[in-house]
Structures are given as structure tokens and as C-alpha cells.
Amino acid sequence: MPLSHLADLAAASGGILYTMPVLLLITLAVTFERVWFLARLKAKSTLVVRRVAGLAHLDRAELESLLQKVERQPLGRVLRVPLQFPEIRDHARLGDLLEEAILCEVPNMDRYLWLLDTSVTLAPLLGLLGTIIGMFNAFQVLGNPGTAPTEITGGIAEALIATASGLLIAIIGLISMNTLQARVRLAVHDMETLKMMLINRLDGAENVERLEPFQRRVNERSS
């Protein structure tokens, strides 16, 4: 289709068709950026959860090693809590601090998804508006003497291109948004799992600290 004809179609829709490529570009850009971010987050969270699951207690050295791998990711804020507050021995207090860290990171995980939501709603409405404007222009030829019916039907068919474009963008955006929201829920679930693991291993840390003086006395006697 020649560019001149596309320009005529966009002009006939009141300029609505000019906004469709912009909406499509925004939808694809947000989709690719969030898929890349959440895929990296999932790989790191799987590693962290597996390593923490193998701990018998809150091993500070192990937590610091894991923190270096996820320093700039949402999991880093969660791992940083027991390292910043090593004196905490209350499960409820530690749980509140971990929950605070999770809540602070959730907006970073679903960032830009509102753009997809907007595209899904806005694109069909703009497409419908462009079709209505195009149909106005198509029916205006009825006032011209000797108008052929094909001119009217052709104008209506061209006007429907705006609606088709809006629906296509909405379909792409809807699939992307639902997929990304599911991945965000999985990421939050991994953070909640890590939170419970850290809380459950707090008793192990207490036991290790209580046994350390006894173990030192045993070693001194044996030497």
C-alpha cells in the first residue's frame, strides 16, 4: 500500500490512525522491557530460594554472598533486612520488616504496566472514533450528484481500518498485560517464600548462638 494512500486514510480518520503506531510502539516496548526484567528476576529468585532453603540457620556469610548477586534487584532489599538488624530475635518483628521490604519493591515489579492497561482501553476507543469520522466523510459524498455506490462502500471499508488497528493493539496489549501480571504474582510469591524461610531460620540462628559458648568450653577442655 503506497504511503500516500496511508496518509489519505489517516487524514480521513481525523488523524486518529497517526496515533496507532505510537500506541503499538509503547505496547511492544513495555512488553519487551518487563519480560526481560521479570525473566532475570525469576532466575535470581530461584537461585536465592534454593540456597536459603538449604540453610539450617541465618548464616550471615551466606546471606552476604547471596546479596552480592541480587544487590540491585527486589530480592536484595529482602535479604538486606536480617543483615541490617542482626539483633532481632522476634519472629513477628522480623516478619514486619521483611513485609515492609516486599511492599516497597512491588511497585518496581509492576512498573509501566499501567501503560499496557491504558493501551488496551484507549486503542479500541480511538479506533472507533476514527471509524466514525471516516464514515462521516464517506457519507458526505451522497450530496454530490452522480455518486456511485462503490464510493460510499469503499469509504466505509477504509474507515473500518481504524477500528481494526485499535482492536489489534488492544489484543496484543491484553495478552501482554495478563502474562506480565502473572509473572509479577510469581515474583511476589517468591519474595513471600523467601520471607517465610528467613523467619523460620531465625530459631536456628538462636540455637547456634546458644551453642557457641558451650562448644568453646568443650574445645578448651579437650585441648
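1. Let's start with helix H3, in what is a predicted model. Ala61 and Gln68 are exposed, and they lie on the other side of H3 from a buried group. That group is made up of Glu62, Leu63, Leu66 and Leu67, the buried residues of this helix, which spans residues 60-69. Why do they fall on the same side of H3? Because the arc they cover around the axis is only 140°.

2. While you have H3 on screen, have a look at its start. There, Asp59 places a side-chain oxygen within 3.1 Å of the backbone nitrogen of Ala61. Ala61 is also one of the exposed residues mentioned above, so named because exposed means over 50% relative accessible area.

3. Next, the surface. Leu24, Leu28 and Phe32 make up a nonpolar patch there, and together they have about 260 Å² of accessible area. Leu28 belongs to helix H2, which covers residues 16-53. Is Leu28 buried or partly exposed? Its relative accessible area is 33%, so Leu28 counts as partly exposed, since buried would require a value under 20%.

4. Finally, a backbone detail for your list: Tyr112 has a positive phi of about 75°, although this residue is not a glycine. Where does Tyr112 sit? You will find Tyr112 in the loop between helix H5 (91-109) and helix H6 (113-139). Its relative accessibility is 35%, so Tyr112 is partly exposed.

Key
Residues numbered from 1 in each chain as written. Predicted model: local features only at pLDDT ≥ 70, side-chain atom pairs only at ≥ 80, totals over all residues. Heavy atoms only, no water. Patch = residues over 30% accessible without salt bridge, like charges linked within 9 Å, V, L, I, M, F, W, Y side chains within 5 Å. Areas by Shrake-Rupley, 256 points an atom, 1.4 Å probe, with all protein chains shown as cover. Salt bridge = Lys/Arg side-chain N within 4 Å of Asp/Glu carboxyl O. Helix = DSSP H or I, 4+ residues; strand = E, 2+ residues; numbered from the N terminus. Buried < 20%, exposed > 50% of the residue type's maximum accessible area, 1.4 Å probe, protein only. Arc of directions from axis to C-beta. Polar contact = N/O pair within 3.5 Å; in protein donor to acceptor, adjacent residues only side chain to side chain.
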